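Here are some notes to read with the model open beside you. Take them one at a time and find each spot as you go.

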Amino acid sequence: MSDKKVTLTVTGETPVELDVLQGTLGQDVVDVRSLGSKGLFTFDPGFTSTASCESKITYIDGDEGILLHRGYPIDQLATQSNYLEVCYILLNGEAPTQEQFEEFRTIVTRHTMIHEQITRLFHGFRRDSHPMAVMCGVTGALAAFYHDSLDVNLERHREIAAFRLLSKMPTVAAMCYKYSIGQPFVYPRNDLSYAGNFLHMMFATPCEEYTVNPVLERAMDRILILHADHEQNASTSTVRTAGSSGANPFACIAAGIASLWGPAHGGANEACLRMLEEISHKDHIPEFVKRAKDKNDSFRLMGFGHRVYKNYDPRATVMRETCHEVLNELGMKDDLLEVAMELEHIALNDPYFIERKLYPNVDFYSGIILKAMGIPSSMFTVIFAMARTVGWIAHWKEMHDEGMKIARPRQLYTGYAQREFESNLPK
Ligand code: SDX
């Protein structure tokens, strides 16, 4: 609490004094909770100026391009930590001791299998279903199998569900891929790392030995870290809203997956690769940049711009480096990377993008890395959802731990005033 106040004066009415609350970092917030009782609502479609909750998990400074998870800078976590350690930090608030980490890793590793009956659930989908549709459906259906951890009011149930989700999402994600290509599901292996196990379940077949490439394993682990959490983005806000009604965690995460799928959000990585493929050559870039600036054209540069970052997305910087590492390791020269680098150069020097502070975001380079790893673009957002599951769980857990009210925004109503009903249908 601060001693700062805001006084709101509606013409001809008594001024209303509101508290200004200060966080550890970032903007102060005006506490408007009492406004409703004074007959006023705030109006903020898209929540461009709204703090929906208090949180201790992630901090973003969009102007400075800063991203902290429990205070730790993302570039340090991406280069010095591993995804499971970052999961522990996001969920528990502190870096684990060696003993705490081993216990955490053992629990996650030993819950990676899913109920065998769930494999039949996949067969209800067409083989050419988008993997995100399958992932969304199967994740929601986990509630139909794991009845013993659905009482969200019990901390132990919340913990069991959290571990089940963290453990099983790579298995579900890889199964979505295997199902889409008509290959048999590959069971998880407890001797592999989280990222290594995922790659194994994605690419191993019963016909031959599959060895995880350590450079690709490291790159996948880094991609998972870079996508783990990002404050109150659209899908995390969706999870919090769903969770605020007391909905079970599997349903809340399925809601998050659905929201993430949109091309303005997590679907941008798939859309960005499709855009680069459509551009196909550096010579075509000016035409697409022209379209992106044309108000009458709905086309936007996918992988560019961000609601919060008005500077370079710090995750994009790390992703760019990882992109070069993977391509060098694979001895690949990806034409799309050439197009991406030229597009980035052109956009970063174009007044339209400079004035609007539009920089490459996390989705700009991730698609090129995943494509180089042999992963189809339809799986990009599935991998984003798998990585973000820990962030969604952390916020869902924080909401329950801190106590919550059901999310129930109001509106500015501009429809008809009351009128008498008279049907036009024959009596
Ligand atoms: C993610 O919120 C998060 O944290 C999300 C995320 C996470 O980790 O959870 O970081 C992941 O979703 C990253 C964003 C991925 N989306 C894309 O790359 C899709 C392309 N980007 C845009 O759709 C857009 O930039 C958004 C949706 C990301 C942000 O949109 P805003 O904040 O609502 O901004 P806006 O649409 O009001 O744009 C402001 C101006 C507009 O021009 P003017 O009306 O001022 O003339 O910038 C223009 C927009 O037309 N603009 C773009 C553009 N993005 C914004 N113009 C061309 N290409 C773009 N990509």
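1. Let's start with a hollow: the second largest pocket has a volume of about 280 Å³. Lining this pocket are 15 residues, and those closest to its centre are Asn92, Phe104, Glu159, Phe163 and Lys397. Keep in mind that you're looking at a predicted model.

2. Which helices build that wall? At least two lining residues each come from α2 (83-92), α3 (98-109), α6 (155-180) and α17. Helix α6 gives the most, with six residues. Sort the lining of the second largest pocket by class and you get seven nonpolar, two polar and six charged residues.

3. Now follow α17 (residues 380-402) to its meeting with α10 (residues 249-260): the two axes come within 10 Å and cross at roughly 130°. An angle over 145 degrees would count as roughly antiparallel, so α10 is oblique to α17 instead. The crossing of these two helices is right-handed.

4. Who touches whom there? From α10 come Pro249, Cys252, Ile253, Gly256, Ile257 and Leu260, while α17 brings Thr381, Phe384, Ala385, Thr389, Trp392, Ile393 and Trp396. The contact of α10 with α17 has 10 nonpolar residues, three polar and no charged ones.

5. Last, try α14 (residues 335-348) against α16 (residues 363-372), where the axes sit 10 Å apart at an angle of about 170°. That angle makes α14 roughly antiparallel to α16. On the α14 side you'll find Leu336, Leu337, Ala340, Met341, Leu343 and Glu344, meeting Phe364, Tyr365, Ile368 and Lys371 in α16. By class, this contact of α14 with α16 has eight nonpolar, no polar and two charged residues.

Key
Residues are numbered from 1 along each chain as its sequence is written. This is a predicted model: local features need pLDDT of at least 70, side-chain atom pairs count only at pLDDT 80 or more; totals for chains, interfaces and linings use all residues. Side-chain values use heavy atoms; hydrogens and water are left out. Axes are lines fitted to C-alpha atoms, for helices over the stretch in contact, and angles run from 0 to 180 degrees between N-to-C directions. Helices (H or I, at least four residues) and strands (E, at least two) are DSSP runs, numbered from the N terminus. Angles under 35 degrees count as roughly parallel, over 145 as roughly antiparallel, 65 to 115 as roughly perpendicular and the rest as oblique. Contact means heavy atoms within 4.5 Å. Ala, Val, Leu, Ile, Met, Phe, Trp, Tyr, Cys and Pro count as nonpolar, Asp, Glu, Lys and Arg as charged, and the others, Gly among them, as polar. A crossing is left-handed if the near helix is turned anticlockwise from the far one by less than a right angle, and right-handed if clockwise. On a 1 Å grid over the protein atoms alone, a cavity is a set of points where a 1.4 Å probe fits but cannot get out, and a pocket is an open set with protein on both sides within 12 Å along at least five of seven lines; lining residues have an atom within 4 Å of a point. Grid points are joined across faces, edges and corners, and a volume is the space filled by probe spheres set on the points.
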